[in-house]
Structures are given as structure tokens and as C-alpha cells.
Amino acid sequence: MSADASAAVPSGPDRRPPGWRAWALLAPMVLWLLLFVVVPAAILFVYSFCERDEVGGVIFTFTWENYQRVLDPVYLRIFLRSIGYAGLTTLLCVVLGYPVAYYIARAGEQRRNQLLLLVMVPFWTSFLIRTYAWITILKQEGLLNGLLQSLHLTVTPLSLLYTPTAVVIGLVYAYLPFMILPIYGSAEKLDHALVEAAYDLGAGPLRAFSSVIIPLTMPGIAAGTLLVFVPAIGMFAITDLMGGAKVPMIGNVIQNQFMQARDWPFGAALGVVFMLMFALTYVLLQRRGARLAA
Amino acid sequence: MKKCTLPTAFPFQAPRPRLPSGIVLLHRTLGFWTALVFGFLYLPIVILVVYSFNASRLNILWAGFTLDWYVRLLENGPIIRAAKNSLIIASISTLLAVILGTVGAWLLHRYRFRLARSIQTLVAIPMVMPEILMGISLLILFATIGFNLGFTTVIIGHVTFSFPFVLVAVQARLQGLDPALEEAALDLGATPLQSFWFVILPCLRPAIVAGALMAFTLSMDELIVTFFTRSAASTTLPIQVFGLARVGLNPMLNALSAVFILATVAFVLFSAYLRKLNHR
């Protein structure tokens with residue numbers, strides 16, 4: 001091993017082929033991932049073709065019945081509703097978060113670091129606590145109703161919680177930081193000379209935004225969408241707390257199959273469909289990101 | 001990419017063109033929007049904390065300052081038990097996550113493994129996979145092999161989603177490390193293990209601490225995977241909070257939330273400090 005060898009490969013370290021010791025040291029990590037990520041997913045897949053017995057046990061057979069049930073209009077509607085809510089959440093997060101991310105990326109270094117810290121606190125604060133904050137505000141005996149009543153704007157308390165609006169507020173509030181940070185990541189890398197070039201060529205701010213800034217920050221929007229859209233589809237805790245049982249989402253149905261209803265094969269089938277949706281979104285966004293990067 | 005700049009002493013420099021008013025207006029609007037969004041993000045949290053000191057039971061009217069809710073929190077058996085469980089689970093899973101993540105990052109960095117790309121993809125999956133899918137598939141795994149749910153199963157779940165974060169943090173640090181460091185150690189007669197222990201590991205310390213903090217925080221806050229892999233005895237704090245929040249308003253929850261928020265602020269500030277060290 002000489003300095004010449006590492007100089008020949010300037011990118012990355014001078015890597016050696018692993019001996020058996022290196023493999024033995026890596027083995028626990030690889031086994032951990034196989035045992036607790038790959039194998040469980042495979043078992044989930046197998047379960048989705050099984051049947052349940054009367055007491056909630058699992059009979060190992062082969063049936064398409066669970067997938068036929070997924071196509072039942074009742075569940076199809078829940079799937080579509082979840083996608084709709086998650087889509088709306090994602091859209092609102094982009095609309096609310098994009099200008100913030102862009103503003104932070106364009107700020108001076110010290111101010112930028114301060115603003116980033118301000119995004120980090122909600123980012124790392126448990127979504128459960130932040131959802132509870134909205135419950136204290138929206139509940140019938142909560143703060144907003146108290147305020148409205150003390151101002152004599154309303155006599156009877158309004159039912160603000162357990163509404164579709166409350167669910168969307170809860171989801172947007174929980175996921176907004178997860179959209180701001182990735183967009184900030186790509187807005188920070190944006191070469192501002194390109195934007196100035198657009199201005200010099202006579203583009204107005206809106207034109208420069210739509211044909212230069214947005215396309216160049218698309219990878220950030222794609223990454224944010226992956227962090228917001230897919231988790232929001234399956235998030236049962238926020239829909240449970242903010243929507244009551246009124247607006248069940250796919251996450252609530254899956255949770256219910258595994259806990260109360262004890263129909264694991266059907267829950268597994270729903271899980272497999274959700275996993276396919278996740279994989280599809282992932283691939284689509286990756287491809288889009290790759291195309292834009294090229 | 002270096003930008004060409006005119007020398008400032010250039011005698012016939014044209015006056016710097018003023019930015020079109022539209023752009024200035026746009027920037028002001030962006031600033032205003034940012035302030036509004038931060039208001040939206042912070043107002044509920046601030047209200048939550050403020051009302052944890054309100055003497056009356058969740059009334060819009062301020063009835064005086066009290067620490068009563070905090071005292072009751074400390075006297076609440078189930079919450080304290082859940083908090084203890086959470087701390088135990090977070091400590092053990094952080095330790096395991098740090099070991100798996102640090103060793104994994106170093107090996108993937110140092111050696112040319114076959115399938116290295118596939119392994120890297122496999123590591124990324126738990127970070128992006130929806131938690132509910134991880135929760136139900138782990139539940140099915142444990143049911144299939146007949147492993148009783150409890151502390152072990154919760155810890156397994158937590159390690160699975162948290163060690164990739166440690167691995168990525170350490171990998172980022174390794175990328176900036178001078179390969180000559182290890183070579184010098186080896187040339188001076190250290191074994192690969194010694195050079196890792198005495199040379200590489202100390203350099204990685206800020207990244208490891210940052211990764212450990214992340215793993216600990218993720219574990220303390222985790223609800224969904226825990227929901228599917230816990231038993232009654234291994235109930236964690238988030239599970240307890242979820243149960244209480246479902247029932248209704250409870251000023252004790254405000255107090256508990258305030259403690260969590262304070263811990264998060266401390267964590268964020270400390271992480272920022274570590275990042276500064278990392279860049280040094």
C-alpha cells in the first residue's frame with residue numbers, strides 16, 4: 001500500500017477486500033436487518049394469503065380472499081380517502097413550507113443557523129405531544145372554544161375536534177418540518193447565479209421561480225414528499241386523536257385488524273398493498289429525482 | 001465554481017443595478033410568510049407549556065401560577081412506571097444501535113464488500129419504511145416464532161429503526177476523515193483493531209455522540225412500532241400519553257409535554273454544538 005495507490009483513486013479511501021474477520025464483524029448487522037426487516041416482510045406476504053379461524057388464529061392455506069376483500073368498495077374508499085388526505089397534507093406542507101425553506105436558504109449564515117434551529121425543535125418534538133397541543137386548543141371544552149365564548153362570539157361550544165379539518169391540521173402540523181428540511185437542503189445548493197441570469201434575461205420573479213427555482217429544487221420536494229405522503233397514509237395515531245372514529249384511514253383499519261378484530265391475514269393483505277404503494281412512490285420519486293439531476 | 005468578479009477599483013464600473021422592486025417585495029413577502037409559519041409551528045407548543053402552569057383545570061382564563069400538575073405527574077404511578085420503562089428501553093436500544101451503527105459504518109467504509117450497495121440499501125429501508133408496516137411485520141414475526149412480547153421485542157424494534165441513523169451519521173464523518181491517519185497507525189505497527197480503537201474511534205466521537213442522541217430521542221418518542229411489539233408490562237411513555245390523550249384533556253399531560261419539549265430543546269442545542277465540533 002503506497003501513497004500512489006490512494007492517489008490513483010482520489011474519491012474515497014483506499015479500500016481493501018474484506019478478510020473473514022471483517023465479514024464476521026459485519027455479519028451481526030446484516031443478520032439483524034435480514035431477521036428483523038426482510039424476514040418479517042416475507043412472513044407478512046405469506047400471511048396475506050392465509051385464512052383466519054374463529055378465535056383469531058391463522059390457518060395456513062392459499063387464498064386470494066383477503067385481496068378480494070381489499071377491493072371491496074368499503075376498503076377501496078378508505079384507501080382513496082387516505083391517499084386524498086395524505087395528498088392534501090403533502091400539498092399544504094409544500095405550500096406552507098417551500099417559502100420558509102427558500103427564505104432560510106437565502107438568509108445570511110448566522111441567521112440561517114438560527115432559523116434552522118427553530119425548525120429542528122418541532123422536527124424532533126414527538127408528534128404525539130404536538131398533536132395533544134392541538135387537542136387542547138380544538139376540544140369542545142378547549143382553549144379556542146373558551147376564547148370564543150368569553151368574547152361572546154358563540155354561546156354553545158363548537159365541535160372543532162373530530163372533524164376532517166382537524167385531521168388535516170393535525171397531519172400538516174406533524175409533518176411540516178419534514179417537508180421544510182429536505183427542500184431547504186436543495187434550496188441551499190441552488191446556484192443563485194442561475195436565478196440572476198433569469199432576471200437578466202428579463203424574467204420576472206414569478207417566471208424565474210416557476211422555470212428556474214422550482215425545477216432545481218425538485219429533488220428536495222420529492223424527498224419531502226417521500227417523508228410526508230407515505231407516512232401520512234398509514235398514520236393512525238393522529239387520525240385517531242384528531243378524527244375520532246369518524247374518519248378512518250387505512251392505518252386505522254390495519255391497526256384494527258391486528259388489535260381488536262384479530263383478522264391478521266386481512267390486515268397483512270392491507271399491509272402488503274400499502275407496502276406496494278410505498279415502493280411505487282419511492283421508485284417514482286427516485287426516478288423523477290434522477291431525471292432532474294441528469 | 002468560482003464566480004468572476006470585477007475588481008472593485010475598476011474605474012468605469014457601472015453603478016450596481018438596483019434590484020427590481022418586484023424582487024425586493026418578493027423577499028419581504030417570503031420573510032413575512034416564514035414568520036407566519038413559525039407562528040403556526042410554535043404557538044400551540046407555547047400555549048401547551050404556558051397552560052401547564054395554570055392553576056385552573058384547562059380554562060382559557062388564567063387562574064394563577066402553579067406547579068401542582070408537575071407534582072401530580074411525579075405522584076402518578078402508571079406514568080412514572082412508563083417513564084422508567086422508556087428510559088430502560090431507550091438506553092439499551094441506544095447502546096445496541098451505537099455498536100451496530102458504528103461498526104457497520106466503519107466496515108462498509110474500510111472494506112470493499114461484495115454486495116456493499118445492496119447492504120447500504122437494506123440499511124436505508126428502516127429509515128424510510130412506514131412505521132406501521134415495521135410494527136405489524138415484527139408482530140407477525142414474533143407471533144410466528146412464538147416469542148412473547150415484552151421488553152426484548154420493543155428493544156428489537158427500536159434498534160432496527162434507530163441504528164441506521166447512527167450508521168449514516170458516522171459514515172458522514174468517516175467521509176471527511178484523512179485515510180492517512182489509519183495508514184500512519186498501521187505503519188507504526190498498530191494492528192487494524194488497535195488503529196480503529198485508538199485512532200479512528202476518537203475521531204468519530206462527535207458523530208457517535210450525535211448518532212446516540214438521535215437514537216435515544218427516536219426511542220423515547222416512538223409510538224407506532226412500540227404499539228405493536230409491547231406487552232402490558234413494557235408500556236412506554238408515548239403509549240401512556242396516547243392512551244391519556246384519547247380520553248381527553250388532562251393538565252398533567254401538559255406538564256409532561258413541557259418536560260418533553262424542554263428535553264427536545266436541550267437535545268437540539270447540544271446537537272448543533274456537536275455539529276460545530278464535527279466541522280472542525
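Let's start where two helices meet: α2(A) passes α3(B) in a left-handed crossing. On the α2(A) side, the contact is made by A22(A), L25(A), L26(A), P28(A), M29(A) and W32(A). They meet L100(B), V103(B), G104(B) and L107(B) of α3(B). Sorted by kind, the residues of this contact come out as nine nonpolar, one polar and no charged.

Keep in mind that this is a predicted model.

How do we describe such a pair? Two packed helices are described by the angle between their axes and the distance between the axes. Here, helix α2 covers residues 20-47 of chain A, and helix α3 covers residues 77-110 of chain B. They pack at an angle of about 125°, with axes 10 Å apart. Angles over 145 degrees count as roughly antiparallel and those from 65 to 115 as roughly perpendicular, so α2(A) and α3(B) are oblique to each other.

Now zoom out to the two chains. The contact takes 75 residues from chain A and 69 residues from chain B. On the side of chain A that touches chain B, α2(A) gives the largest share, with 16 residues. That side of chain A breaks down like this:

| Kind of residue | Number on the side of chain A that touches chain B |
|---|---|
| Nonpolar | 56 residues |
| Polar | 12 residues |
| Charged | seven residues |

And how confident is the prediction? Chain A has a mean pLDDT of 87, and 93% of its residues reach 70 or more. Over residues 1-13 of chain A, though, the pLDDT is below 50. Beyond near neighbours in sequence, that stretch has nine contacts in the model. Where pLDDT is low, the predicted coordinates should not be read in detail.

Conventions:
Residues are numbered from 1 along each chain as its sequence is written. Chains are lettered from A and ligands numbered from 1 in the order in which they are written. This is a predicted model: local features need pLDDT of at least 70, side-chain atom pairs count only at pLDDT 80 or more; totals for chains, interfaces and linings use all residues. pLDDT is the predictor's confidence in each residue, from 0 to 100. Two residues are in contact if their C-beta atoms, placed from the backbone, lie within 7 Å. Axes are lines fitted to C-alpha atoms, for helices over the stretch in contact, and angles run from 0 to 180 degrees between N-to-C directions. Helices (H or I, at least four residues) and strands (E, at least two) are DSSP runs, numbered from the N terminus. Angles under 35 degrees count as roughly parallel, over 145 as roughly antiparallel, 65 to 115 as roughly perpendicular and the rest as oblique. A crossing is left-handed if the near helix is turned anticlockwise from the far one by less than a right angle, and right-handed if clockwise. Ala, Val, Leu, Ile, Met, Phe, Trp, Tyr, Cys and Pro count as nonpolar, Asp, Glu, Lys and Arg as charged, and the others, Gly among them, as polar.
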